Amino acid sequence: MKVGKLMGELDKAIAHLEVALVANQQRIFESPYTSYEFAQRALEIEEDLNDLKKLREELSKLDPESEIEEHYPEKDVERLLKLLELLERSNAHLY
């Protein structure tokens, strides 16, 4: 897989998580009984979002036309692609 294509997939996942983060932050104020759960989930999403942004930043330093497997182990790339696929299939506004 080309680095540029992976960066496109990462951009989609980042956008998905940003929607989920906003949704959880808004739900914090719905009820005092569930606010802690939504605040905790928002923090978890924010951590994941930061990790994806750091990876995106690392990838932006590479040649977009090079193969990602030249820079990272194939096993790690496969796990990342599975994660991105799961994020794409989830409904961000339902987090």
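Me: Why is Ser66 called buried or exposed in this predicted model?

Reply: Ser66 counts as buried because its relative accessibility is 9%, and the cut-off for buried is under 20%. Ser66 sits in the loop between H2 and H3.

Me: What is the distance between the C-alpha atoms of Ser66 and Met1?

Reply: Those two C-alpha atoms are separated by 8.3 Å, while Ser66 and Met1 are 65 residues apart along the chain.

Me: Happy with that one. What makes Ile45 count as buried or exposed?

Reply: The same kind of check works here. Ile45 has 1% relative accessibility, and buried means under 20%, so Ile45 counts as buried. Ile45 belongs to helix H2. From Ile45 to Leu21 the C-alpha distance is 6.1 Å, with their positions 24 residues apart in sequence.

Me: And how do you know whether Leu84 is buried or exposed?

Reply: Leu84 has a relative accessibility of 4%. Set against the limit of under 20%, that value makes Leu84 buried. Leu84 is found in helix H3. Its C-alpha atom is 16 Å from that of Glu44, and the two residues are 40 apart in sequence.

Me: How much of the protein chain counts as buried?

Reply: The figure is 29% of the 95 residues.

Me: Let's turn to the fold. What makes the pattern of the chain α-α-α?

Reply: The protein chain has three helices and zero strands, and reading along the sequence gives α-α-α. Along the principal axes, the C-alpha atoms fill a box of roughly 50 × 20 × 20 Å.

Me: Why is H1 called roughly parallel or roughly antiparallel to H2?

Reply: Helix H1, residues 3-27, packs with H2 at an angle of about 160°. Angles over 145 degrees count as roughly antiparallel, so H1 is roughly antiparallel to H2. The axes of H1 and H2 are 9 Å apart, and their crossing is left-handed.

Me: What makes up the contact of H1 with H2, by class?

Reply: The contact of H1 with H2 has 16 nonpolar residues, along with three polar and eight charged ones.

Me: Why is H1 called oblique to H3?

Reply: H1 and H3 pack at an angle of about 45°. An angle under 35 degrees would count as roughly parallel, while roughly perpendicular begins at 65. The value for H1 and H3 falls between those limits, so H1 is oblique to H3. The axes of H1 and H3 are 9 Å apart, and the crossing of H1 and H3 is left-handed.

Me: Now for the pockets. How do you know where empty space is left?

Reply: A probe the size of a water molecule is rolled over the atoms, and that shows where there is empty space. In this model, the largest pocket holds about 170 Å³ of space.

Me: Which residues line the largest pocket?

Reply: Its lining is made of Leu6, Leu55, Leu59, Ile68, Tyr72, Asp76, Val77, Arg79 and Leu80. Two elements, helix H2 (35-60) and helix H3 (74-89), give two or more residues to this lining. H3 gives the most, with four residues.

Me: What makes seven of the lining residues nonpolar and two charged?

Reply: Leu, Ile, Tyr and Val are among the types that count as nonpolar, whereas Asp and Arg count as charged. The lining includes Asp76 and Arg79, so these count as its charged residues. By class, the lining of the largest pocket therefore has seven nonpolar, no polar and two charged residues.

Terms used. Residues numbered from 1 in each chain as written. Predicted model: local features only at pLDDT ≥ 70, side-chain atom pairs only at ≥ 80, totals over all residues. Heavy atoms only, no water. 1 Å grid on protein atoms, 1.4 Å probe; cavity = no way out; pocket = protein on both sides within 12 Å on 5 of 7 lines; lining within 4 Å. Points joined across faces, edges and corners; volume = space filled by probe spheres on them. Axes fitted to C-alpha atoms, helices over the stretch in contact; angles between N-to-C directions. Parallel < 35°, antiparallel > 145°, perpendicular 65-115°, else oblique. Left-handed = near helix turned anticlockwise from the far one by under 90°. Buried < 20%, exposed > 50% of the residue type's maximum accessible area, 1.4 Å probe, protein only.
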